[in-house]
Amino acid sequence: MTSEPVMHWVVIGGGIAGLLAARRLAGQGHQVTVLEADHALGGRLRHVEVAGHLLDAGAESFATRGGSVQRLCEEVGLADAIVSPTGSPAWVIAPDRAYPLPATGWLGIPLNPCARDVRRVLGPWGSLRACLDLVLPTRGIGDDVTVGEVASARLGRRATERLLAPVMSGVYSRPLEDLPLNAIAPALAADVRVRGGLMRAARSRRSLGAPGAAVRGLVGGVAGLATAVAAQAVQRGAVLRTGVEVVGLHAGGGRWRLETSAGQIDADAVVVAVPRHRAAALMDAPTDEARRVAIVVVVVDAPELDAAPRGTGVLVRPGVTRAKALTHATAKWSWLASSLPAGRHVLRLSYAVTPGEQVHRHAVADASRLLGVGLREEQVVGIAQVEWPDASPVAVADTQPLPGLHLVGSAAGLSGLAAIVAAADFS
């Protein structure tokens with residue numbers, strides 16, 4: 001993307017990646033139009049109203065690694081809203097056991113396999129087995145290796161099943177055997193080869209984050225970041241249009257023609273910032289069917305949860321519940337707990353779903369099982385289900401497949417707020 005000459009750019013998609021692109025291009029003096037098919041901006045950074053409370057419908061925290069999201073928050077005037085979660089650990093629930101995650105780790109990879117809390121989960125043999133990662137050769141690790149392959153070989157079965165699988169499957173919504181190592185962090189396979197193991201690479205990645213918690217949030221919810229970025233894009237001259245779906249994209253004569261639900265639009269260049277399967281459809285490219293994840297937000301009046309029986313939340317191993325993870329949001333974020341009436345709690349459960357599947361019906365029973373507290377339907381004061389496609393895209397080979405066409409965000413194979421912001425030049 002260049003700043004000269006002045007061009008008309010159309011950004012397809014009004015999620016955080018598209019809004020960042022619009023903010024940058026408008027700041028360079030270009031004419032920018034953002035087209036969002038939904039009737040609200042923000043994508044996965046969006047609020048949902050439940051029982052009169054505005055709550056995050058998608059992401060509710062951001063990774064501190066690299067500091068890119070924090071810098072963006074500061075640039076858009078949200079520095080004072082940045083908060084750290086409480087110190088309570090998350091738990092893992094398996095069919096035959098429940099245990100808190102070790103205090104230090106990176107996406108489930110233990111940073112110190114001999115630490116007491118790691119030994120408590122893996123046992124003496126499991127911890128010793130994980131130490132082999134520090135001495136095994138790494139030159140045979142290819143860029144196409146999956147997390148399941150490399151973790152089982154280097155850390156052993158116990159560490160893979162008890163630590164990595166609950167965390168990474170909860171974050172990326174796919175089994176480790178189907179999750180490329182490079183999909184969880186750019187060039188991670190090369191980092192493992194160069195540094196000499198998964199744990200050394202994890203220590204390096206963890207050290208790139210801000211001191212303290214591996215994640216942070218915003219008072220009022222992370223959705224406020226998209227709102228602030230959108231406001232700056234508008235201040236710089238961008239036009240943001242919602243409820244406009246792009247159904248066709250055609251190149252010709254050095255320009256682009258977009259067929260939309262509101263008519264035809266011509267542009268000098270196009271930024272595609274929609275989920276990977278939608279981007280592929282616009283470009284007539286093959287793609288796998290989009291995976292879907294549902295977030296069920298439940299507001300309950302349940303004083304029995306005041307003690308946070310499972311800390312800030314639960315990651316679930318297969319065979320326990322339909323839910324694959326639960327966040328006890330009011331235990332995790334002090335600002336949220338203080339904004340609610342006494343005894344009221346917010347729970348967020350995530351599910352892998354087929355399109356239109358109504359998994360919110362399982363939420364109360366699943367939350368009861370995972371929290372170890374018998375919640376009743378009559379305690380629910382509000383519930384909402386929100387679905388998201390393309391939860392864990394795979395990186396694309398070329399983010400500029402044609403002249404004047406740029407792929408960003410999940411269209412470029414990026415996953416997670418930190419990775420999307422880090423890849424955007426928002427100066």
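**A tour starting at Cys-73**

Select Cys-73: setting aside neighbours within four places in sequence, it is in contact (heavy atoms within 4.5 Å) with Phe-62, Leu-78, Ala-79, Ile-82, Leu-218 and Leu-225. This is a predicted model, in which local features need pLDDT of at least 70, side-chain atom pairs count only at pLDDT 80 or more, and totals for chains, interfaces and linings use all residues. Residues are numbered from 1 along each chain as its sequence is written, and side-chain values use heavy atoms, leaving out hydrogens and water.

Next, add Val-32, Val-69, Leu-218, Leu-225, Val-229 and Leu-417. Together with Cys-73, these have the most contacts inside the largest nonpolar core, which has 41 residues. A nonpolar core is a set of buried Ala, Val, Leu, Ile, Met, Phe, Trp, Tyr and Cys residues joined through side-chain atoms within 4.5 Å; buried means under 20% relative accessible area (1.4 Å probe, protein chains only).

Now colour the elements that give two or more residues to this core, among them helix H1 (16–27), strand S2 (31–36), helix H2 (68–75) and helix H9 (223–235). Helices (H or I, at least four residues) and strands (E, at least two) are DSSP runs, numbered from the N terminus. H1 gives the most to this core, with 8 residues.

Move on to Ala-151, Tyr-172, Val-192 and Ala-325, which belong to a second, separate core of 39 residues.

Last, show the open sheet of 3 strands, in the order S13-S14-S15 with antiparallel pairing. Two strands pair if DSSP finds at least two bridges between them. S13 (246–252) and S15 (263–267) are the edge strands, each pairing on one side only. S13 pairs with S14 (residues 255–260) over 6 bridges. To finish, select Ala-251, which stands opposite Trp-256 in S14.

Definitions and conventions. Buried < 20%, exposed > 50% of the residue type's maximum accessible area, 1.4 Å probe, protein only.
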